[in-house]
Amino acid sequence: MNDALHSAMEAEIGRHLQAIYRAVLEEPVPDRFIKLLADLEHREGKKQG
Amino acid sequence: MSVSLDLQRMLLDAIPTLRASALSLSGQPDQADDLVQQALLKAWHHIDSFEPGTNMAAWLYTIMRNEFYTEFRRRRREVQGSDSAFSAELSDTASQDRHMDVREVQAALNKLRPEQREALMLVGVWELSYDDAAEICRCAVGTMKSRVNRARGRLAEFLSGAPGRPYPKRTAAPAAAKEKL
């Protein structure tokens, strides 16, 4: 593969990477994590109360 | 461990970044969210070691990558999972504006070594400097640079189908092969 093709491909890879991870970054936080934090907080409240 | 509301908010805000990072580490969505969960649990119980004013996402990430590599080493000899599930799922979420290219890139990403995928993510997606990325991974800056270069080079090879490269032919294009069947 020549250098020009190689760097064009690297630029393309960069864009794809951004697209792939952006899809996850833009998803709302799944309920399981909101529930996890709420449960942890709830347990603390019980312990201290 | 009591965690202040401010810190809880910061944990919550860091979750999207953490999920994307977990995906890049593990290459598999189910495993990725489990990793995030483990990291959050650990972070909650060790919240005192978080230094206020520093980057919460980066702190969580260092916890998560520790978990991942501990687990990764433990499971190293077990059968490796297929990457096709991840590719399929991604193509669902990302197919609105991108097409088959995303699937190809993801399949190629999954063939990289985890530390190469991680290097690409930290430098290419988080846009960290090589110095910062090296600090997170506790490696030399030169090592980080060479991981990024190697990862980019290998991806380019996978995607161009360059012949005579040292990866098994049978796994060269699992997604494409499946579609034909």
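Among contacts in chain B between residues at least 6 apart in sequence, 66% join residues at least 24 apart. Keep that figure in mind, and remember that this is a predicted model.

Start with chain B as a whole. It has nine helices and zero strands. Read from the N terminus, the order of elements is α-α-α-α-α-α-α-α-α. Chain B has 181 residues, and 46% of them are buried. Its accessible surface is about 9,800 Å². Carbon and sulfur atoms account for 49% of that surface.

Now turn to chain A. Its secondary structure is two helices and zero strands. Of its 49 residues, 29% count as buried. Chain A exposes about 3,200 Å². Here carbon and sulfur atoms supply 55%.

How many residues does each chain bring to the contact between them? Chain A gives 28 residues and chain B gives 40 residues. The size of an interface is often given as the accessible area lost when the parts come together. For chain A and chain B, the buried area is about 3,300 Å². Carbon and sulfur atoms give 71% of it. Which residues of chain A lose the most area to chain B? They are I20(A), Y21(A) and L37(A), which together make up 20% of what that side buries.

Polar links cross the interface too. Four residue pairs are in polar contact between chain A and chain B, both residues being at pLDDT 80 or more. Helices α1 (3-25) and α2 (31-48) of chain A each supply at least two residues of the side that touches chain B. The largest share of that side, 13 residues, comes from α1(A).

Next, look at charge. Side chains of opposite charge can pair when their charged atoms come close. The structure holds eight salt bridges over all chains. Two salt bridges are counted between chain A and chain B. One of them joins the side chains of R32(A) and D34(B), at 2.9 Å from N to O.

Another salt bridge pairs R19(B) with E27(A), at 3.0 Å from N to O. This pair crosses between chains. R19(B) sits in helix α1 of chain B, and E27(A) sits in the loop between α1 and α2 of chain A. Are these two residues buried or partly exposed? R19(B) is buried, because its relative accessible area is 10% and buried means under 20%. E27(A) has 30% relative accessibility, so it counts as partly exposed.

R19(B) has a further partner. Its side chain also meets that of D33(B) in a salt bridge, at 2.9 Å from N to O. This pair links distant parts of the chain. R19(B) is in helix α1 of chain B, while D33(B) is in helix α2 (residues 29-45), 14 residues apart. D33(B) is buried as well, with a relative accessible area of 12%. Put the pieces together: E27(A), R19(B) and D33(B) are linked in a network of salt bridges.

Helix α1 of chain B (residues 5-26) also holds S24(B). S24(B) is buried, because its relative accessibility is 0%. What does S24(B) touch, beyond residues up to four places away in sequence? It touches Y21(A), R117(B), E118(B) and M121(B). Y21(A) has appeared before, among the residues of chain A that lose the most area to chain B.

E118(B) leads on to R65(B). The two form a salt bridge, with the closest N and O atoms 2.6 Å apart. R65(B) lies in helix α3 of chain B and E118(B) in helix α6 (residues 114-125), so the pair ties together parts that are 53 residues apart in sequence. R65(B) counts as buried, because its relative accessibility is 9%. E118(B) also counts as buried, at 0%. Helix α3 spans residues 56-75. Leaving aside neighbours within four places in sequence, R65(B) is in contact with L25(B), E118(B), I136(B) and C137(B).

That last contact brings us to the cysteines. A disulfide is a covalent bond between the sulfur atoms of two cysteines. The count is zero disulfides over all chains. For C137(B), the nearest cysteine sulfur is that of C139(B), 5.3 Å away. Why is this pair not counted as a disulfide? The two sulfur atoms would have to be within 2.5 Å, so C137(B) and C139(B), at 5.3 Å, do not qualify. C137(B) is also buried, because its relative accessibility is 7%.

Key:
Residues are numbered from 1 along each chain as its sequence is written. Chains are lettered from A and ligands numbered from 1 in the order in which they are written. This is a predicted model: local features need pLDDT of at least 70, side-chain atom pairs count only at pLDDT 80 or more; totals for chains, interfaces and linings use all residues. Side-chain values use heavy atoms; hydrogens and water are left out. Helices (H or I, at least four residues) and strands (E, at least two) are DSSP runs, numbered from the N terminus. Buried means under 20% relative accessible area, exposed over 50%, partly exposed in between (1.4 Å probe, protein chains only). Contact means heavy atoms within 4.5 Å. Accessible areas come from the Shrake-Rupley method with a 1.4 Å probe; for residues, only the protein chains shown count as cover. Buried area is the accessible area (1.4 Å probe) that two parts lose on being put together, summed over both. A salt bridge is a side-chain nitrogen of Lys or Arg within 4 Å of a carboxyl oxygen of Asp or Glu. A polar contact is a pair of N or O atoms within 3.5 Å; within protein, one must be able to donate a hydrogen and the other to accept it, and residues adjacent in sequence count only if both atoms are side-chain atoms.
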